Amino acid sequence: MRSKTLGPRRHTARRTPLLHAQAPLTRAAGLALLAAGVLGQTAWAQDSEAPGSEAPAAASAAEEPQALAIRAARVVLRPGQVLENATVVVEGRRITAIGADVEVPEGARVLEGDVVCAGFIDPWSVAGLDANSARATSSEAFARAADAVDPYSQEHVLDELVRAGVLATRSIVGARAPFGGLSVFLRTADAQPLLDESALHTAVGVGGGFSQQRSFDGSLTFGFSEVDPLQRLAQIDKIADQLRAGAKYGADRVEYELELAEWQKEIADKEEELQDDFKKAKKDRDKKVKKAEDDGKEFKEKKYKEARRPREPRFDPEKAVFARVVNGELPLVVRADRALEIRDILKQTAEFDRLRLVVAGGRSALACARDLVARDVPVIVTPSASAKSTGDSLNRGLGLAGDLHAAGIEVLIGSGGSSALASRDLPLLAALAVGHGLDADAALHAITRGPAQVFDLGADVGTLRRGRAAELIVLSGNPLSSSTRVLFAVSNGEVVHSDAD
Amino acid sequence: MLTPLLLEPALVLAGALGGPPPAAPETLALRAAHVHVGDGTVLEDTVVVLEGGKIARVGGDAPSGVRVIEVDGHLSPGLIALRDGTGAGSERTESTRKLTPTVDLARAFDPEHPDWARLVREGITTVVLTPGSSRVAGGVGAIVSPALGEVVKPGALVCLGASSRSLSTNEEPTSYAGLYAHLGRAFSEAADGSPLARAKAGSLPVMMEVVERSEAMLAVEFAKEHGLVGALVGLRRADGAVEAIAASGLGVVFEPAGVGASRTTLMSARLLHEAGVPIAFTADAESRGAAALRMAAAAYVRAGLGSEAALQAMTHGAAEIAGVSGSHGTIAAGKVAELVVWSGAPTDLTSRVLHVFAGGEHVYDAQAHGGQEAR
């Protein structure tokens, strides 16, 4: 049983104008917006919504679904925090109560299972997107994955994700491009964005051409050719350059806003002054007109000279994105595997103290553990059976997730966008990491609370708490056990999958 | 006959590993909370006695005077990897010829290859080394023990390729019709005692590589015509073909369903198992990694195949297909002492391999490895 709303996507969620992120300047921004009304022209017209548009996208549906009461032997509020024999109540698309003795609302549908926990979240996915956009080898930093969402052709894929308990993905376009663009945080059950622009996705070491190679047994294999080391360093330089350009662009923009506000204030002050002294001014003018008439001269109106309007910096969509990244408004995800490159990225971006860096891949990230911990950089790991711990001690193979976690690094687990269906196997990937050394709670964190927090949805999804969005799964056993079945999936307050169906 | 000739180098190599012929391993007993026999049954709180490299007894009390290892977890037979090329590299493929049915992969076994340790760490104690996928009759697979560095059984099963992987545009055969023409002739011309002749007599099992259902149907027909026993390998989906496959008596060996495998593939294992068809998985650790076997099993379990059925596919089912179920694949008296101690259920990916026994010896201890994958 799955209800689906495939209406036009809402592009509202949380697009905060740049200035809102800069606390000391919000007043200036407010002034600017005020002035915009007066002048009929605004600097941020292309980007600003009414500041009150923070309501979750969920509210779009017209009628409220049936209330739910979910009983389970264990309710995982968050990894490591478990309530025994408790009930989760969902009303009006939100969790309204959790506890052992909660009142079950009248008419509520009762669901039962062994374990209830937050729906799984894949922080590195291509699910729900048009396949060609997802695979693109070139893209722009300002390309929006939200514009590539394809609920129709991807319906069967998303359906499998929901059945596996993967209720949200951070999906990216241009998985093979150095600048992949702005990823979308997607709710898989109805292909609606939870967050339109969740991070800027970039990559080092990809973007090479398509190549075909003949393997030893004579068969042809197709793949992407490797990017050579110098090119990889150039890619890192490009990211750093763009961040610098973005910082300057942002600063120019802010300066312009301030100047504009000042200019507008000057005009307003003058107007006020004229208003206040209107009678006297009129009298004076009348006098002067009369005098001129008396003298037989022509009356010359005293001209008011207005200060020149400050010039608006040219809009640049790419720099605008990097300005938001530098500000820390959007996290910057850099896909990088080699230790040298990860270290270089850390070094090159050290000057941006508000930057929220996330490393994806990170096969040799353990060698940079100290720096990653110091800079508070999470790493998205894709456990893979074919990951070999080579003789190279930097490459930890399947032990990577466990080793990074033990070193104090926040580990997220993602499917890596190898295919849209790969996200379905996210719980298997997490289990694989557990089987090779990662703590079980850390693994659950890596696919629930962790991605939600790192990508700005921590207050809404990823944990079970009163007031949070009802994005949860009811399981027959431990969340990561291979034999566990997803009995029910609840998304946006509705039962979107039932194992009995 | 090939057998005695080929055994020799293997023994020499094994000798090189362990020095002069080792003394018989000590007799010891394992007492485990859960013993997964491998044939679908699970015994609770059971003692398994190992003696002289074999399982001497399952159940009863531990004999007095024997070291007893308490296993706080699950015990299973060592896993069997049905198709693998670890360490063999280009030795798996005679690239100028599509039909080399007498080549024995035992010659391609390199017991010193460092990658074998990875397989052992994932609980794999028996491997069927096979020719590369792109041949029509690439040779005979050899059963080897990666932990002991020994060839267990050379010339163990005939490997045939009947999928589009064995067709080329510039080399015969270029069509299925051509492929079966070549294969038919090779079988009819096979000398007495040669692998193909023994396969025809039903004394040597075959593994026929097929990917599509149409290829499976052709292979089933061919097997029937030549009286072949064994299994289809690599089939992507079986829906609609289950009855025909079940009637043929052949098993089906699935390639490791990697991340993002299609639902029809994942469901096929369950359909076949329910129809009584023996199923197993290939390992292909040389390209997919040593963990791919269990990853595949877990993916099938998540798609509805029972946990014990999945374990059976990696143990007893695989042994049956490889023709070594008399000695391998279950925890039963008389079988080789190849055992794995897991921290949880063997088919659960969250479980860790704690100990591996092979030839009655303790060949891997996770604690000694610091619980890490480093080598």
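Which residue is the bridge partner of Ser171(A) in strand 7 of chain A? In this predicted model, the partner is Val184(A). The pair belongs to the antiparallel arrangement of strand 6 (residues 166–171) and strand 7 (residues 179–187) of chain A, which are joined by four bridges.

Strands 6 and 7 are part of a wider assembly in chain A, an open sheet of eight strands in the order 5-6-7-8-11-12-13-14. The pairing within this sheet is mixed. Its edges are formed by strand 5 (120–125) and strand 14 (411–413) of chain A, each of which pairs on one side only. On average, and with direction ignored, neighbouring strands of the sheet are turned by 30 degrees against each other. For chain A as a whole, the model contains 12 helices and 17 strands. Chain A comprises 501 residues, of which 49% count as buried. Among its contacts between residues at least 6 apart in sequence, 71% join residues at least 24 apart.

A further set of paired strands in chain A involves strands 1, 2 and 3. Strand 1 (residues 68–78) of chain A runs antiparallel to strand 2 of chain A, and nine bridges join the two. One of the paired positions is that of Arg78(A), whose bridge partner in strand 2 of chain A is Gln81(A). The two strands form a hairpin with two residues between them. In the turn of this hairpin, Gly80(A) has a positive phi of about 90 degrees.

Strand 2 (residues 81–91) of chain A also pairs with strand 3 (residues 94–99) of chain A, again in the antiparallel sense, over five bridges. Within this pairing, Val90(A) has Ile95(A) of strand 3 of chain A as its bridge partner, and Glu91(A) stands opposite Arg94(A) of strand 3 of chain A. Strands 2 and 3 of chain A likewise form a hairpin with two residues between the strands. Here Gly92(A) adopts a positive phi near 55 degrees.

Helix packing was examined in both chains. In chain A, helix 4 (residues 229–276) and helix 7 (residues 339–348) have axes that come within 10 Å and cross at roughly 25 degrees. Helix 4 of chain A is therefore roughly parallel to helix 7 of chain A, since angles under 35 degrees are classed in this way. The crossing of helix 4 of chain A past helix 7 of chain A is right-handed. Helix 4 of chain A contributes Arg232(A), Leu233(A), Ile236(A) and Ala240(A) to the contact, while helix 7 of chain A contributes Glu341(A), Asp344(A), Ile345(A) and Gln348(A). By class, the contact of these two helices holds four nonpolar, one polar and three charged residues.

In chain B, helix 3 (residues 176–189) packs against helix 5 (residues 213–226) at an angle of about 20 degrees, with the axes 12 Å apart. This angle makes helix 3 of chain B roughly parallel to helix 5 of chain B. Helix 3 of chain B passes helix 5 of chain B in a right-handed crossing. On the side of helix 3 of chain B, the contact involves Tyr176(B), Tyr180(B), Leu183(B) and Phe187(B). These residues meet Leu218(B), Phe222(B) and His226(B) of helix 5 of chain B. The residues of this contact divide into six nonpolar, one polar and no charged.

How values were computed: Residues are numbered from 1 along each chain as its sequence is written. Chains are lettered from A and ligands numbered from 1 in the order in which they are written. This is a predicted model: local features need pLDDT of at least 70, side-chain atom pairs count only at pLDDT 80 or more; totals for chains, interfaces and linings use all residues. Two strands pair if DSSP finds at least two bridges between them. Axes are lines fitted to C-alpha atoms, for helices over the stretch in contact, and angles run from 0 to 180 degrees between N-to-C directions. Angles under 35 degrees count as roughly parallel, over 145 as roughly antiparallel, 65 to 115 as roughly perpendicular and the rest as oblique. A crossing is left-handed if the near helix is turned anticlockwise from the far one by less than a right angle, and right-handed if clockwise. Two residues are in contact if their C-beta atoms, placed from the backbone, lie within 7 Å. Ala, Val, Leu, Ile, Met, Phe, Trp, Tyr, Cys and Pro count as nonpolar, Asp, Glu, Lys and Arg as charged, and the others, Gly among them, as polar. A residue is buried if 20 or more other C-beta atoms lie within 10 Å of its own, exposed if 12 or fewer, and partly exposed in between; C-beta atoms are placed from the backbone.
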